[in-house]
Amino acid sequence: MRKNQFPCLVTVAAVCGMAAPLFFAITTVAIGLATPGYDPVTQLVSELGIPGTPYAPAMNSIGLIMTGILISVFALAVHSVLSGGWKGALGAVLVAVAGISFVAMGIFHCDQGCIPITPGGSLHLVSGMIALVAGLGAALILSLVMIREREWNGYWQYSLATGVLLLVILPLFLLHPDKAGLVQRILVGLIFLWMEVLAIRICYISRVLPKDINGPE
């Protein structure tokens, strides 16, 4: 692990990582319940942000753009605490890519039924896939960084298990298109739970061990 020279800034960035899953969950659940006829099992989350739906502005601005900004800031905490070489740096970059992809999804809206018709609708779906792959990759790669540090014993196993589980569940998107909304929520939920656990741990480390957190370079 790298030396933590700015523990306060790392703590703030870690808190952003803790807030991102909560922002997303509260927004999507509240808007989903308030949208007439919306089925979370068959419909994707992005359908809540289609222009013309009752709460599209809130979904796009809070559920996607704000969440993406928080994730992007959290990447700074990941880089500060877990960047002990190219693997740690790559893991932090992947977290940032996931955050940027969320912002892009909030800007480029999903087409009706999330069937790509317009360039914006296609960009939305591509951004969503990039965010998913980036989150999966970050969980796998950062587990290889955590395994070298005694402070992360138990966490690297969880991070690795999350990445493997995501790989196992991902094909269900193609196998069960009639339950795309449910599969998507499971995948996103696993990634955000991992992020929450990671953010809490980084926040703890940045406050309790602010000096000379060193590890293999």
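**Pockets, cores and a few single residues**

Helix H1 supplies the largest share of the lining of the second largest pocket, 8 residues; helices here (H or I, at least four residues), like strands (E, at least two), are DSSP runs numbered from the N terminus. The model is a predicted one, so to speak of local features takes a pLDDT of at least 70, side-chain atom pairs count only at pLDDT 80 or more, and totals for chains, interfaces and linings use all residues. Residues are numbered from 1 along each chain as its sequence is written, and side-chain values use heavy atoms, with hydrogens and water left out.

Back to that second largest pocket. Its volume comes to about 310 Å³. Pockets and cavities were searched on a 1 Å grid over the protein atoms alone: a pocket is an open set of points with protein on both sides within 12 Å along at least five of seven lines, a cavity is a set where a 1.4 Å probe fits but cannot get out, and lining residues have an atom within 4 Å of a point. Grid points are joined across faces, edges and corners, and a volume is the space filled by probe spheres set on the points. In the second largest pocket, 17 residues form the lining, and Phe 24, Ala 25, Thr 28, Val 29 and Arg 185 lie nearest the centre. The elements giving two or more residues to this lining are H1 and H7. By class, the lining splits into 12 nonpolar, 3 polar and 2 charged residues, where Ala, Val, Leu, Ile, Met, Phe, Trp, Tyr, Cys and Pro count as nonpolar, Asp, Glu, Lys and Arg as charged, and the others, Gly among them, as polar.

The largest pocket holds about 680 Å³ of space. It has 32 lining residues, with Gly 128, Met 129, Leu 132, Phe 173 and Gln 184 closest to its centre. Two or more residues each come from H2, H3, H4, helix H6 (172–175) and H7. H7 gives the most, with 8 residues. No charged residue turns up in the lining of the largest pocket, which has 26 nonpolar and 6 polar residues.

As for enclosed space, there is 1 cavity of 30 Å³ or more. The largest cavity has a volume of about 40 Å³. Its lining is made up of Met 146, Trp 152, Tyr 155, Tyr 158, Ser 159, Trp 194, Val 197 and Leu 198, and helix H5 (155–169) and H7 are the elements giving two or more residues to it. Of these lining residues, 7 are nonpolar, 1 is polar and none is charged.

Next, the packing. The largest nonpolar core (buried Ala, Val, Leu, Ile, Met, Phe, Trp, Tyr and Cys residues joined through side-chain atoms within 4.5 Å) has 44 residues, and those with the most contacts inside it are Phe 74, Val 78, Leu 82, Leu 198 and Ile 202. H1, H2, H3, helix H4 (119–146) and helix H7 (180–208) each give two or more residues to this core, with the largest share, 10 residues, coming from H2. Leaving aside neighbours within four places in sequence, Ile 202 is in contact (heavy atoms within 4.5 Å) with Val 10, Ala 14, Phe 74, Ala 77, Val 78, Val 81 and Trp 152. A second, separate core of 7 residues includes Leu 166, Val 183, Leu 187 and Ile 191.

Helix H3 (residues 86–107) behaves as expected for its length: its 22 residues should span 32 Å at 1.5 Å a residue, and its end C-alpha atoms sit 31 Å apart, which agrees. The expected span is 1.5 Å times one less than the number of residues. Buried residues of H3 include Gly 88, Gly 91, Leu 94, Val 95, Phe 102 and Met 105; buried means under 20% relative accessible area, exposed over 50%, and partly exposed in between (1.4 Å probe, protein chains only).

A few single residues round off the picture. Ala 20, in helix H1, is buried with a relative accessible area of 0%. Not counting residues up to four places away in sequence, Ala 20 touches Thr 67, Leu 70, Ile 71 and Met 195. Thr 35 sits in the loop between helix H1 (7–34) and helix H2 (56–82), yet Thr 35 is buried at 14%. With residues up to four places away set aside, Thr 35 touches Leu 48, Pro 54 and Tyr 55. Cys 114, in the loop between H3 and H4, is also buried, at 8%. Cys 114 is not a glycine, but has a positive phi of about 55°.
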